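User: I am new to this structure and would like a close look at one part of it. Could you pick a single residue, show me what surrounds it, and then lead me outward from there?

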Amino acid sequence: MPFIRLSLFVFLAGLLPGTAFAQGVQITLGPDEIGENQTWTITITAQNEPLKNYDNFPEIEGFRKRGQSTQSTTSIVNGQVSASQSVIMTYAPTKQGTFTIPSFTLKVNGKPINVPGKKVRVGPPLQQQQQNDPFRSFFDRPGDDFFGSGDTEFVDIKEDAFLALTTSKDEVYVGEGFTTTLSFFVSQENRAPLQFYDPGRQLVDILKKIKPTNCWEENFNIENIEGENVKINGRDYMQYKVYEAVYFPLNAEPINFPSVGLEMIKYKVAKNPSFFGQNRKEDFKKFFTKPKRVIVKELPPHPLKDEVAVGDYRLDERIRHTDLETGQSAGYNFNVYGEGNISAIDKPKTKSDDKFEFYEPNVRQDITRQNNRITGTKSFSYFMIPKEPGQFKLKDYFQWVYFNPKLKKYDTLKSKLMVTVAGESKKNEAIQSSDMGNFYNKIETADNALRTMADTRWQKWAFNFFILAMLGASAYLVFKKPAV
């Protein structure tokens, strides 16, 4: 009766130290001592209730997270059906030594569970070998296989799981973002024990194949693979996101995602499980995605078609005072916020005239990556100097054109502010500041006849005399007779 033996194991596990409870949920820590080549675990188990959500497993000094697996069991005791669902985080030691697992709190199904800490000793690597059951000689009797036989037979249970690459849209415009997610899905009814195997290394090779070269990428940077309950065709699944990013096409070339594979640890289970024997055997299976294609469309004709940003945007403008003085600088913020490729947003078009002087803006951007979307704000902070008094609508000076893919049309963000400028006109100050003074005012009446500014005739006589002296000295040296 394997179901009864499994129930006995679950019951005994609840009596072990290092186990925390919260009604139908318990958290169990691994053993006090392991070898350097062994793994240590933290297990969340929900008894007779679904495991809906839970916090991230803690980071532990001296260990690194190796992967996460799920397990479901069903037991029948005296005709009563009992079901449990477990999530197991596996840790691998980084070195030998004694490590302190600090106390921590995990929120499971919305309720916090306090888990007391403990010390774990990591010793030298242990030789992996199958050992006989030390209790078999005491309890085994002819015809009784309660503790299993020496030669355990393992069977491969069909898994109810799959790997999928999905996109939020099948057709987009150039510059329009779409979310791409690589996930492993496990049915709540799955009975095959599965575990992630070195996902970080595998993901490097997978991304080389699926990342399109003609797209801007905004990566969600998934650090921990956590499960999330989802429904697919009316069935309950646990979704484990391995990779997620939003892609923004840079041209109209279609985007083709090839089939990629993710290798998982899949355990074969003992045909006749025993309480003390080996009840599962490690094996591997590779799961593959289906190819995926996203069509990219050109933007409709427009003079700024190759320059505009694509997305759903709004304008948030700010100015400290709308009553300004000529010649005095004022600050104005033109903030574009919404959903789209925030990094690709360019500054608004500004109009230059003799009414205002505008300086290049300071630019700042804030990007938020959550809920499968890329949102944020790009701020342009301007300094402007009014030159003329009067009332002015800033929409005549600041405009930002973009394409809204939801409405399938171009739109323009315009300022709604009006400023009142007081004071004297300053538009001629630039000319006055470059006035060279009375000297140039006399050009029209000045005599343009050329005159010598100084008498340099004595310099010419001195220079000629010097040349003659040098010539005479040279002739003397040439024709002088040598002494006998």
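Analyst: Let's begin with Leu 417, which touches Glu 317, Ile 319, Tyr 332, Phe 392, Lys 393 and Leu 394, leaving aside residues up to four places away in sequence. Please keep in mind that this is a predicted model. Leu 417 sits in the loop between strand 32 (409–414) and strand 33 (418–422). Is Leu 417 buried, exposed or partly exposed? Its relative accessible area is 22%, so Leu 417 counts as partly exposed. One of its contacts, Lys 393, is 24 residues away along the chain, yet the C-alpha atoms of Leu 417 and Lys 393 are separated by 6.1 Å.

Two other neighbours of Leu 417 take us a step further. Tyr 332 and Phe 392, both touched by Leu 417, belong to one aromatic cluster together with Phe 334, Phe 356, Phe 358, Tyr 382, Tyr 397 and Phe 398. A charge joins the picture at Tyr 397: the charged end of Lys 351 sits over the ring of Tyr 397, 5.7 Å from the ring's centre. A similar arrangement can be found at Tyr 173, where the charged end of Lys 297 sits over the ring, 4.2 Å from its centre.

Now for the aromatic pairs. How many does the structure hold? There are 26 aromatic pairs. One of them joins Phe 184 and Phe 196 edge-to-face, with 6.0 Å from centre to centre and 70° between the planes. Phe 184 belongs to strand 14 (residues 178–187) and Phe 196 to strand 15 (residues 194–196), so this pair ties together parts that are 12 residues apart in sequence. Both Phe 184 and Phe 196 are buried.

Another edge-to-face pair is made by Tyr 313 and Tyr 402, at 5.7 Å centre to centre and with 85° between the planes. Here the pair links distant parts of the chain, since Tyr 313 is in strand 23 (residues 309–319) and Tyr 402 in strand 31 (residues 398–404), 89 residues apart. Tyr 313 has 0% relative accessibility and therefore counts as buried. Tyr 402, at 2%, counts as buried too.

Next come the charged side chains, where the count of salt bridges is 28. In one of these, the side chains of Lys 266 and Glu 159 meet at 2.5 Å, N to O. Lys 266 lies in strand 20 (residues 261–270), while Glu 159 is in the loop between strand 11 (154–155) and strand 12 (161–167), so the bridge ties together parts that are 107 residues apart in sequence. Lys 266 is buried, and Glu 159 is buried as well.

A salt bridge also joins Arg 235 and Glu 189, at 3.5 Å from N to O. Arg 235 is found in strand 18 (residues 235–249) and Glu 189 in the loop between strand 14 and strand 15, so this bridge connects parts 46 residues apart in sequence. Arg 235 counts as partly exposed at 30% relative accessibility, whereas Glu 189 counts as exposed at 57%.

Glu 339 and Arg 373 form a further salt bridge, 3.2 Å from N to O. Glu 339 is in strand 25 (residues 330–340) and Arg 373 in strand 29, so to speak of distant parts of the chain is fair: they are 34 residues apart. Glu 339 is partly exposed, with a relative accessible area of 27%, and Arg 373 is partly exposed with 39%. Shared partners also matter for the bridge between Lys 266 and Glu 159: salt bridges join Asp 156, Lys 158, Glu 159, Lys 266 and Lys 285 into one network.

Our last stops are on the outside and in the backbone. Phe 463, Phe 466, Ile 467, Leu 468, Met 470 and Leu 471 form a nonpolar patch on the surface, with about 640 Å² of accessible area together. Within this patch, Ile 467 is placed in helix 6 (residues 457–479) and is partly exposed, at 33% relative accessible area.

Most residues other than glycine have a negative phi. Asn 221, however, has a positive phi near 50°. Asn 221 lies in the loop between strand 16 (215–219) and strand 17 (227–232) and is exposed, with a relative accessible area of 54%. Asn 371 has a positive phi too, near 55°; its place is the loop between strand 28 (362–370) and strand 29 (373–386), and at 61% relative accessibility Asn 371 counts as exposed.

Key
Residues are numbered from 1 along each chain as its sequence is written. This is a predicted model: local features need pLDDT of at least 70, side-chain atom pairs count only at pLDDT 80 or more; totals for chains, interfaces and linings use all residues. Side-chain values use heavy atoms; hydrogens and water are left out. Rings of Phe, Tyr and Trp (its six-membered ring) pair if their centres lie within 6.5 Å; planes under 30 degrees apart count as stacked, over 60 as edge-to-face and the rest as tilted. Helices (H or I, at least four residues) and strands (E, at least two) are DSSP runs, numbered from the N terminus. Buried means under 20% relative accessible area, exposed over 50%, partly exposed in between (1.4 Å probe, protein chains only). A charge sits over a ring if NZ of Lys or CZ of Arg is within 6 Å of the ring centre and within 35 degrees of the ring normal. Patches are made of residues with over 30% relative accessible area and no salt bridge: like charges are joined within 9 Å, nonpolar side chains (Val, Leu, Ile, Met, Phe, Trp, Tyr) within 5 Å. Accessible areas come from the Shrake-Rupley method with a 1.4 Å probe; for residues, only the protein chains shown count as cover. A salt bridge is a side-chain nitrogen of Lys or Arg within 4 Å of a carboxyl oxygen of Asp or Glu. Contact means heavy atoms within 4.5 Å.
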